[in-house]
Amino acid sequence: MSLVGTDVAMVGGLAKVTGAVNYAPDLILPRMLYAKALRSPYPHAKLLRVDASKAEKYSGVVAVVTHEDLTGLNSYFGPVVDDQPVVATDRVRHVGEVVVLIAAESREIAEEALDLIEVDYQELPAVFDLLEAAKPGAPVLHEQRNETNAGVHREEFNFELGGNVCSVFRVADGNIQKGFQEAEEIFENTYMLPPVQHGHIEPHAATAYWEPDGKLVVHSASQNPSGVQEQLAHIFKLPENRVRVIVPLLGGGYGGKTHARLEPALALLARKARRPVQWVLTRDEVFLTGRRYGAAVKIKTGVKRDGAIVARQVEVFYEIGAYALNGPVNAKTGCYVSSGPYNIPNRSLSTYSVYTNLPPTGPFRGVGVSHVCWAYESEMDEIARRLGIDPLELRLKHLVKEGDVFVTGEKLVSVGITDCLERSAAAIGWKGKEEQSARPAGNKVVRGKGLAVTIKSTTTPTTSSANVRLNADGSVILLTSSVDMGQGALTSLAQIVGDELGLPFEKVSVSSPDTAITPYDKSTSSSRTTFHMGQAAQKAAREIRNQLLEIGAKKLEARIEDLELREGAVLVRGVPDKRLSITELFKARFGSSVGSMFGGYCFKSEGGLNPKTGKGKAAAFWFFSACGAEVEVDVETGKVRVLNIVTAVDVGKAIHPKQCGLQNEGSMLSGMGSALFEEMVYDNGQPINSNFLEYMLPSMEDHPMEFHSVLVETPHPDGPFGAKGMGEAALPSVAPAIGNAVANALGGIRIRDLPIKPDKIIAMLNAGKERS
């Protein structure tokens, strides 16, 4: 390997830092119109009357879409449940739901026309609290639901009928009652996490138009062109080859652009306008369109006094907002990892996805796992403190190892979590039980260290397809529907193809997604691209490699096993002068230096879980990571300053080490934001901090004084060159590592609901003083 494992120049890096990249909102087409939406001011209401006639007559308005335009369509859609209308029909279920969409000659005209629309609502009871929504008797959002006919997710779920619980997932092993009977100490706590924003700088944006022959074309800032294509085809009753989705480079996604958001209503508006229409959301609208799930995690753990964990019961409620979207997938993904990456003989794990009258949710980096990791890793430190055991030793005693059988019944492969934890602890200077000892009294600023570990699956089973075309001059292009959103997918895939074909990096290019040209990919999410698309690309390139070696063997009169492909030529090993360049190989095959050689491969990961038992194969590969954090806390103000963070991730094989390190740093910042700053706040369903001035993202001033990225390489037998995905692996363990560090700094005072804000720390310190 000459490319894999090296830090080649990132594809498109120079263009990005010089501002030369065109993103989805930058697209300009002839005769293009601009869309604006009239949104519901109520969290739950019946739509009694919608009158857009005055807006339709307003100068510069070209088309207006309401529920009356849905006739003849499959007007409800969703990746798991067909519960979301293209535009609101008989009722609205959250503040900000789209009621009317206008296309006009300018955004300003469209905005002015919104004021001319008359809508009569009848308010209905609404429910915002997650646990209240799950109770019988709560206002019901969806009396009827249908599993989607689209193939965005073919998984099965345990859907609940009636009430607001959308789905349930359960898995267990051992005997939970017996385990708790054998326990000598019982720990039982509830941990809370608020909704948070994805924080991608580029807003949701799309442009749609219909060609004269009735083909729909959509340019979209999407992580999932194949999924959007499929959903649009379903809504408009078209064959998929009549829907074309084109995706440029994304300005960030983090899961927030995984599913159809703007595209269905926009495509309907463009059809009515008979002109291209662009819709770019404002930041306020982004906050109304997608976010991470809020959650309540109830965890009960039984242990022996020597630290042996004998039983763990977990019950998790995920708040999914007004529409299901990916909620049931999130709940399932969080379920089987909710006891942590530990060997525990008796477990009972249950998760619920719950509707509320809050804006929609969706996948978020570390989907479903950050919530449960916050709970089980906080709990591990609680156990260690009460029993007087080193938190590091407690974790090492229970961590899963290579070949262990997980709660799902599958054997774990490529398990480097022990190395991750030990290297994280060493990097922050962990000193054992001393880290939980009482801090000196009277100090204004106190310090503490904390550890945490994570296990996460990747979406399984899934499919990725790739085509590779080799030109006679030795240049090659990979055709893929994988999306580059800053994570460096174009770079790592080019490295894989280049090494397989023995080509220099500059000879390899990778396409952006265009469903008219690029083959199917499940989605660019779940950190699956390197493993899944990487395998598809490698094996597609290998088909061309085999063709070149066959031609070379004939012309060089050598056995294939004696040949190698490097530096753009086929060579006989040990005889460097006996070689044929790719151009010469083309001449041998085609009679001249023209033409193309093709390779294609469709990779499908096997697996899936029985929805009734939770058993099967949950992951084509598993993520393992650890985090160590050191903080200081000002006990007079409650302010927390992160001094040092180490994230260690088992990457299998680092295709591009620098990009892996940057992914770890991005995960660290996102996890730190969730730990200390970020939460979406609502008043009667209305977001009240829906901009980056009031919503507290971490700034560069909040960046830890020291950050270290550790890459552990435990090659996966099925990954390209042994690689696994790693983009979101580091994130879930960051918040509990910081939380544990804060608790250790404060002598065991623990905050169980995120974020850990100064006022909460002061309140806990004052409560401690009153008790003493």
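Trainee: At what angle do helix H11 and helix H12 pack, and how far apart are their axes?

Mentor: Two packed helices are described by the angle between their axes and the distance between the axes. In this predicted model, helix H11 (residues 391–398) and helix H12 (residues 417–427) pack at an angle of about 170°, and their axes lie 10 Å apart. Angles over 145 degrees count as roughly antiparallel, and H11 and H12 are therefore roughly antiparallel to each other.

Trainee: Which residues of H11 and H12 make the contact?

Mentor: From H11 come Leu392, Arg395 and Leu396, while H12 contributes Thr418, Leu421, Glu422 and Ala425. Sorted by character, the residues of this contact of H11 with H12 divide into four nonpolar, one polar and two charged.

Trainee: Turning to the sheet, in what order do the strands of the open sheet stand?

Mentor: Strands of a sheet pair through backbone hydrogen bonds, either parallel or antiparallel. Here four strands form an open sheet in the order S19-S29-S30-S33, and the pairing is mixed. Strand S19 (445–457) and strand S33 (706–712) are at the edges with a single partner strand each, so one side of each is left without a neighbour in the sheet. On average, and with direction ignored, neighbouring strands of this sheet are turned by 15° against each other.

Trainee: In what sense do S29 and S30 pair, and over how many bridges?

Mentor: Strand S29 (residues 622–634) pairs with strand S30 (residues 640–650) in the antiparallel sense, over nine bridges, and Glu630 stands opposite Asn644 in S30. Helix H17 (residues 734–745) packs on the sheet, where it touches S19, S29 and S30, and the direction of H17 makes about 150° with that of S19.

Notes:
Residues numbered from 1 in each chain as written. Predicted model: local features only at pLDDT ≥ 70, side-chain atom pairs only at ≥ 80, totals over all residues. Heavy atoms only, no water. Pairing = 2+ DSSP bridges. Helix = DSSP H or I, 4+ residues; strand = E, 2+ residues; numbered from the N terminus. Axes fitted to C-alpha atoms, helices over the stretch in contact; angles between N-to-C directions. Contact = heavy atoms within 4.5 Å. Parallel < 35°, antiparallel > 145°, perpendicular 65-115°, else oblique. Nonpolar A, V, L, I, M, F, W, Y, C, P; charged D, E, K, R; others polar.
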